[in-house]
Structures are given as C-alpha cells and as structure tokens.
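Please find below a short note on the structure under review. The points move from the overall fold to individual aromatic residues.

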Amino acid sequence: MQHIGDFYRGKTVLLTGGTGLLGKVLLERMLSHFPDLTRIHVLIRGKNRPGSTAMSSLERLRREVQDSEVFGPLKKRIGSSFETFFEEKVQAVPGDMSQEKLGLDHETYLKLQQEVHQ
C-alpha cells in the first residue's frame, strides 16, 4: 500500500477555499506532513468591496493565510525560514470559483492545466 506522503512527492496541487478555516488547516497539514510536495497553488479572489481597502490575491494569501495562527506550530518548528519556505511552496492564484474556468486568464489556466497533478 502506498503511503500518502509518497503520493504527494514531487506533485503540484490546486487548493480552493484556502482563506477559510478548513482550507488553512488543510494547507498547514500539507506543508507539515508532505515536505516533498513541489507546490500548492491557492485559488484566491481579490477583495474589492466598496468602502474598504482593496486587496490582491497575494495580499490575502499573506495576511489571511500565512499570518494565521494555524501556522504557529509550523512557524515555531521551521523558525526564521518559515516565510521563505511558505513563499517557495505556496502560490496565490487570482481567480473565482463562481466564474467559468475559475475566472483565470487564458495563460494561467493553461499553466495550471500543465502543472497541477490529477
């Protein structure tokens, strides 16, 4: 029987819902337990609400996900290199699940089709 860590070795995945609590927990578990995972693309909508500050997908990844206390134990274990580790493994992908082709531009859509493992 194949170990789940072996399955994810060298793989690239796409995660949706990464700004929610369960998405953050899943992302933290994947980073903690599958260090040989190549990359996790996180589909995140930018925030452009009237009367509030606009935030890009990358800003949301940093503020709402990377800075979350869910990553506290991982930050403690990795230490000062956590930010570099996170940025190497996790990439924000601007998109929207409610849109056709996830709201991705053509180039990004093709890139993800080639990189993400099924």
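The following numbered points concern a predicted model.

1. Secondary structure. The chain contains 6 helices and 3 strands. Read from the N terminus, these elements follow the order α-β-α-β-α-α-α-β-α. With a radius of gyration of 15 Å, close to the 13 Å that the globule rule gives for 118 residues, the chain is as compact as a globular protein of that length.

2. Dimensions and burial. Along the principal axes, the C-alpha atoms occupy a box of roughly 45 × 30 × 20 Å. Of the 118 residues, 36% are buried. Among contacts with a separation of 6 or more, 65% are between residues 24 or more positions apart.

3. Surface and charge. The exposed area of the chain is about 7,700 Å², and 51% of it comes from carbon and sulfur atoms. There are 17 positive and 15 negative side chains, with the centres of the two sets 4 Å apart.

4. Aromatic pairs. How many aromatic pairs does a search of the whole structure find? The search yields 5. One of them joins Phe71 and Phe82 in a tilted arrangement, at 6.2 Å centre to centre and with 45 degrees between the planes. This pair links distant parts of the chain, 11 residues apart: Phe71 belongs to the loop between α3 (57-66) and α4 (72-78), whereas Phe82 lies in helix α5 (residues 82-89).

5. Environment of the rings. Phe71 counts as buried because its relative accessibility is 0%. Phe82 is also buried, at a relative accessible area of 5%. Elsewhere, Phe7, Tyr8 and Phe34 are joined by ring pairs into a cluster.

Technical notes. Residues numbered from 1 in each chain as written. Predicted model: local features only at pLDDT ≥ 70, side-chain atom pairs only at ≥ 80, totals over all residues. Heavy atoms only, no water. Helix = DSSP H or I, 4+ residues; strand = E, 2+ residues; numbered from the N terminus. Rg over C-alpha atoms; globule rule 2.2 N^0.38 Å. Buried < 20%, exposed > 50% of the residue type's maximum accessible area, 1.4 Å probe, protein only. Contact = heavy atoms within 4.5 Å. Areas by Shrake-Rupley, 256 points an atom, 1.4 Å probe, with all protein chains shown as cover. Lys, Arg positive; Asp, Glu negative; His and termini not counted. Charge placed at Lys NZ, Arg CZ, Asp CG, Glu CD. Phe/Tyr/Trp six-rings, centres within 6.5 Å; stacked < 30°, edge-to-face > 60°.
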